[in-house]
Amino acid sequence: MELFALEHRKLWRAAGTRLCVLLCFAYFVLYGGLLGNQWFVYGSEGGDPTRTYNHNFDGYAAIHSYRELADSYGGYWTDDTLPRMVRDYRDRGYPGFQSMADWTLALTYIHQLYPELEDPEHRFISTMYYVDPGDLTGFYERRQAYLERTLETRRQNGELTEDDIAMLLDMDSRAEKPWRYGWVSGWDSEVRSMAGLGARLAPWLAAALAFTFSGERQLGAAPLLRAARYGRRRLARAKVLSGLAFAAELYALIAGSSLALQLIWLGPEGWDLPIQFDSLLAVAPWNMLQAEGYALAFSFLNAIGYAALVLLLSSLTGSGVVSLTLSLAAVYAPGLLEDYLPRWARTALQLLPPASGGSDIFGCNVFHILGRGVWSPYVLIAVPALIGLSCLPLAVLGWSRRR
Amino acid sequence: MELSINCLTKLFGRKLAVDCVSAKLGPGLYGLLGANGAGKTTLIRMLCAILEPTCGEAEFNGREIAAMGEAYRDALGYLPQSFGCYPSYTAAGFLAYMAALKGIPRDRAARRVSELLDALDLGAVADKKLRTFSGGMKQRVGVAQALLNDPRVLILDEPTAGLDPGERVRLRNLLSEYARDRIVILSTHIVSDVEAIADRVFVMDAGKFVMSGTVPELADQVRGKVWEMTVPREQARQWQERVTVAGCRREGGQAALRIVADGRPSDRAAPCEPTLDDAYLYYFGGAEARR
């Protein structure tokens, strides 16, 4: 325990670690979170569309108006909701879509579920301008047909089996209908943001942890440490635990701040809305709060799994730069190689921490393990964490063995 | 207490760094002399169980050191040749960290750290960051950490590097006192470091012990081969090119040369009392010539 405390303190007092945490906080919380909410994501539309961030610095007030609009359609999503949105959009004089989740949703649904209503001669005009609201009927039947059609196409492509489709449709049938409806945007963006947090934190974790073991060798301290009574396994265990604790602390700092910003700016409303409002192809019978729970667990386990991988690479290399390069390659190489690999290899790389499939809860992907189809979010949350877990004893061994 | 080295050998690829070295060491101070690249550091790393021998073994009190694991490292104090210390740590903080790594209880560690800082004349800078330390001060911190656990086997690789003459003498005295009932191995290429205090000296070349014995025994090996003579100063360089010159001292317009050679180099040369330095130079001067 004393060694863990000493290693943990050593990690935090390193200038590189402090700089890394500071920049990470500034990037995710101050820039992406605070400025994003107040300015370039939720700020009302500015007057100059040529500007990169064409928004006003009024996110907090603007979000209130978006929420009021969503509340006006509140309650349940019925067959009448979509036509009402179209009529309302026109009554309000065709305002911009920016951040108005409801009208963005309406436009997406018309495009996906009523493609025959799109006029090829008006390709550059939003369907919302000319579609007859009276034609937007049978929403749930259309959505069911759309889901089945998509699943069938994927079966023909060899991605799904008959059993997979039956499993996914069974999940979908357990989602309560009609769907509750209200202010979707807050939780939706929060869940998506959380689901990808593990992967986005990866480079920062690499920068802070890649030097844990290899830095000692680079500095020339390794012989000194390894000749000490507890300088092998116990020190390696303390270093591994302090690295994981650091990953958990950095995660808690960023995720906690992000969650707090969401509650302040976007509000807690909408936690009980179904995740199908994020994607029409979502089959899980979950609400936004359940999805947030999954996203938090997914990104946390991914961050920990990736931290373990970085620690292993650090224990096997003699140079911090080499372990940092290898750690970053684990983040970026799968994406770069994707187009050149067969499907099974792409799938395998997907499971290497930091896996980036946290948003699969909004989809209908299946992994085939021992001939059995398993809904992808279960695999994506478990396997990278298990890979990380298996890295830990190897990292201890990498440091403690004689060379 | 015995540290026994049994045909310890290390190969790096095809390069033989240590070639079947054997010795038995009881309590006392042992000097390990050799030129750079002679294999001293490799041998020391194997004796510290950091490096795995290609073959052979080292035993402490009859037990193989690698198999002893923590028990051996508990008895070991080690100062590597060039050691990295954390620049943002204070001297006291670094020693406290090393004490925890050596498994010394916190209250005992605090006392020991304070004692050693005083003994190595670092008490006044105990709370200064290591980044502000000179090379000699860092080296003394390194010696202090090696002594923290009061080791029964103390191995120091070039401990006097960077120390000023006063510090070197102080360190020698400290080690001499320490070696009374412990095994101390002092590796260096500076002959005078071991000449004054070593009970036994091992001279290493090309991975082997090429000479070993007490300081007088080794010096005796070159008895009758060490000469002193005075030559005009302008001839000193010519003599240095022709024979192994152990010393050259100016005396007015003359140069007093100390020469190590098998035969009398000149009619003017007179034999003199040999030292370990002469023996070392005799061997390595000859080895150099043989190469």
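I looked first at where the two domains of chain A meet: in this predicted model, 20 residues of domain 1 of chain A are in contact with 24 residues of domain 2 of chain A, two residues being in contact if their C-beta atoms, placed from the backbone, lie within 7 Å. On the side of domain 1 of chain A that touches domain 2 of chain A, α2 (15-40) and α13 (233-266) of chain A each supply at least two residues, and α2(A) gives the most, with three residues. Helices (H or I, at least four residues) and strands (E, at least two) are DSSP runs, numbered from the N terminus. By class I noted 13 nonpolar, five polar and two charged residues on that side of domain 1 of chain A; Ala, Val, Leu, Ile, Met, Phe, Trp, Tyr, Cys and Pro count as nonpolar, Asp, Glu, Lys and Arg as charged, and the others, Gly among them, as polar.

I then checked the bounds, which come from an automatic or database domain assignment: domain 1 of chain A is 2-40 + 186-400 and domain 2 is 59-181. Their C-alpha centres lie 34 Å apart.

For conventions, I kept in mind that residues are numbered from 1 along each chain as its sequence is written, with chains lettered from A and ligands numbered from 1 in the order in which they are written. Local features need pLDDT of at least 70 and side-chain atom pairs count only at pLDDT 80 or more, while totals for chains, interfaces and linings use all residues.

Next I turned to the contact between the chains, which takes 24 residues from chain B and 19 residues from chain A. On the chain B side, α3 (70-74), β6 (76-79) and α4 (91-101) each supply at least two residues, and α4(B) gives the most, with four.

I also looked up the largest nonpolar core, a set of buried Ala, Val, Leu, Ile, Met, Phe, Trp, Tyr and Cys residues joined through C-beta atoms within 7 Å, where buried means that 20 or more other C-beta atoms lie within 10 Å of a residue's own. Of its 203 residues, L205(A), A307(A), V310(A), L95(B), A144(B) and L186(B) touch the most other members, and helix α14 (residues 288-316) of chain A gives the most to this core, with 17 residues. Leaving aside residues up to four places away in sequence, I found that L95(B) touches V113(B), L116(B), A144(B), Q145(B) and L148(B).

Conventions: A residue is buried if 20 or more other C-beta atoms lie within 10 Å of its own, exposed if 12 or fewer, and partly exposed in between; C-beta atoms are placed from the backbone.
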